[in-house]
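Please look through the model below and work through the questions that follow. Each reply gives its reasoning before it ends on the value or name asked for.

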Amino acid sequence: MKKFGEFVFQDVSDANETKKVALIIRIKSLIMGVYFLMQTILFVADGLYPMAFFGVLFLMGHVVAFGATYTYKTKKVVVYVQLLSISWILLFVVMLGWDCGAQHFLFVLLVFTLLTSFRNIIPKLIFAAAICGTRIGLYIYCKNFSPYYSSDIYDNVAFQILNTTFVFVAITFIIIMFSQNSIEMEKKLVDYNARIRKMASTDPLNKLFNRRFALEHIDQLSKQ
């Protein structure tokens with residue numbers, strides 16, 4: 001487990017990229033991989049073999065996303081994860097109907113995208129509006145068209161718990177990984193600024209305060 005943890009938290013190969021986004025992709029891929037594995041088991045138990053096939057297919061898709069963070073630029077992997085997510089959500093809702101709960105993972109996609117893509121606020125707002133429109137569109141579709149497969153699996157408590165749990169787990173871990181990295185980066189920045197300030201205020205030879213520090217100190221005392 002220790003070696004696996006070190007592998008997951010391994011830094012990216014490109015010096016111009018941070019491992020924050022790659023780490024979020026890896027954690028999300030692991031969570032969704034477990035989700036599709038458990039979902040596939042439920043599909044097989046209920047006799048929905050075509051959906052079990054798609055479950056395995058998307059499980060492998062997340063395995064590919066996990067491995068791609070070690071060899072490809074994270075921006076490309078982010079786009080791949082976004083396309084993978086929207087593909088399986090649309091497919092599952094169309095094939096199984098609104099009650100399958102796949103549309104709830106649009107919230108996971110929204111949080112993932114807002115934290116890993118787009119630096120400006122306008123593209124983020126546009127993407128959020130697109131996700132909202134997609135959810136509304138899926139709801140209207142399901143009101144007018146029947147799913148390809150009907151099943152009592154949605155009445156299964158385990159199925160509903162599975163969907164709800166993994167939506168919350170995915171969102172929680174994505175936010176935790178992002179915020180934790182931001183806190184660490186902020187701490188590093190504060191420490192770095194403190195070192196720079198100390199270097200600018202002391203003589204490198206005797207380590208005593210220099211003229212710059214003395215003038216700043218006198219200026220502060222005069223303002224009191």
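Q: In which helix does Ile41 lie?
A: The model is a predicted one, and its helices are numbered from the N terminus. The helix that covers residues 19-46 contains Ile41, and that helix is H2.

Q: Is Ile41 buried or exposed?
A: A residue counts as exposed when its relative accessible area is over 50%. Ile41 has a relative accessible area of 53%, so Ile41 is exposed.

Q: How much accessible area does the nonpolar patch of Val34, Leu37, Met38 and Ile41 have together?
A: The patch lies on the surface and is formed by Val34, Leu37, Met38 and Ile41. Ile41, one of its members, has a relative accessible area of 53%. Taken together, the four residues of the patch have an accessible area of about 360 Å².

Q: What pattern does the protein follow when read along the sequence?
A: The secondary structure comes to eight helices and zero strands. Read along the sequence, the protein therefore follows the pattern α-α-α-α-α-α-α-α.

Q: What percentage of the contacts in the protein with a separation of 6 or more comes from residues 24 or more positions apart?
A: Contact here means heavy atoms within 4.5 Å. One pair far apart in sequence is Ala22 and Lys73, 51 residues apart along the chain, although for this pair the value given is a C-alpha separation, of 8.9 Å. Among the contacts with a separation of 6 or more, the share from residues 24 or more positions apart is 69%.

Q: Is Ala22 buried or exposed?
A: Ala22 has its place in helix H2. The relative accessibility of Ala22 is 0%, and the limit for a buried residue is under 20%, so Ala22 counts as buried.

Q: How far apart are the end C-alpha atoms of H3?
A: Helix H3 has 20 residues, and at 1.5 Å a residue these should span 28 Å. The expected span is taken as 1.5 Å times one less than the number of residues. The value computed from the model agrees with this expectation, because the end C-alpha atoms of H3 are apart by 29 Å.

Q: Which helices are included in what covers the buried residues of H3?
A: The buried residues of H3 include Met51, Gly55, Phe58, His62 and Phe66. What covers the buried residues of this helix includes helix H1 (2-8), H2 and H4.

Q: What separates the C-alpha atoms of Gly67 and Val8, in Å?
A: Gly67 has its place in helix H3, residues 49-68, and is partly exposed with a relative accessible area of 33%. Gly67 and Val8 are 59 residues apart along the chain, and their C-alpha atoms are separated by 9.9 Å.

Q: With which residues is Thr113 in contact, leaving aside its neighbours within four places in sequence?
A: Thr113 has its place in helix H5 and counts as buried at 0% relative accessibility. Leaving aside neighbours within four places in sequence, Thr113 is in contact with Gln82, Phe118 and Phe127. Among these, Gln82 lies in helix H4 and Phe127 is a buried residue of H6, while H5 is followed by Phe118, whose phi is positive, near 60°. The residues asked for are thus Gln82, Phe118 and Phe127.

Q: Is Gln82 buried or exposed?
A: Apart from residues up to four places away in sequence, Gln82 touches Leu109, Phe112, Thr113 and Ser117. The C-alpha atoms of Gln82 and Leu110 are 9.4 Å apart in space, although the two are 28 residues apart in sequence. With a relative accessible area of 16%, under the 20% limit, Gln82 is buried.

Q: Which helices are included in what covers the buried residues of H6?
A: Helix H6 has 24 residues, and its end C-alpha atoms are 35 Å apart, which agrees with the 34 Å expected at 1.5 Å a residue. In H6, Phe127, Ile131, Leu138 and Cys142 are buried. What covers the buried residues of H6 includes helix H4 (74-96) and helix H5 (105-116).

Q: What is the angle between the planes of Tyr141 and Phe145?
A: A search of the whole structure finds 16 aromatic pairs. Tyr141 and Phe145 form an aromatic pair with 4.9 Å centre to centre. The pair counts as stacked because its planes are under 30 degrees apart, with an angle of 25°.

How values were computed. Residues are numbered from 1 along each chain as its sequence is written. This is a predicted model: local features need pLDDT of at least 70, side-chain atom pairs count only at pLDDT 80 or more; totals for chains, interfaces and linings use all residues. Side-chain values use heavy atoms; hydrogens and water are left out. Patches are made of residues with over 30% relative accessible area and no salt bridge: like charges are joined within 9 Å, nonpolar side chains (Val, Leu, Ile, Met, Phe, Trp, Tyr) within 5 Å. Accessible areas come from the Shrake-Rupley method with a 1.4 Å probe; for residues, only the protein chains shown count as cover. A salt bridge is a side-chain nitrogen of Lys or Arg within 4 Å of a carboxyl oxygen of Asp or Glu. Helices (H or I, at least four residues) and strands (E, at least two) are DSSP runs, numbered from the N terminus. Buried means under 20% relative accessible area, exposed over 50%, partly exposed in between (1.4 Å probe, protein chains only). Rings of Phe, Tyr and Trp (its six-membered ring) pair if their centres lie within 6.5 Å; planes under 30 degrees apart count as stacked, over 60 as edge-to-face and the rest as tilted.
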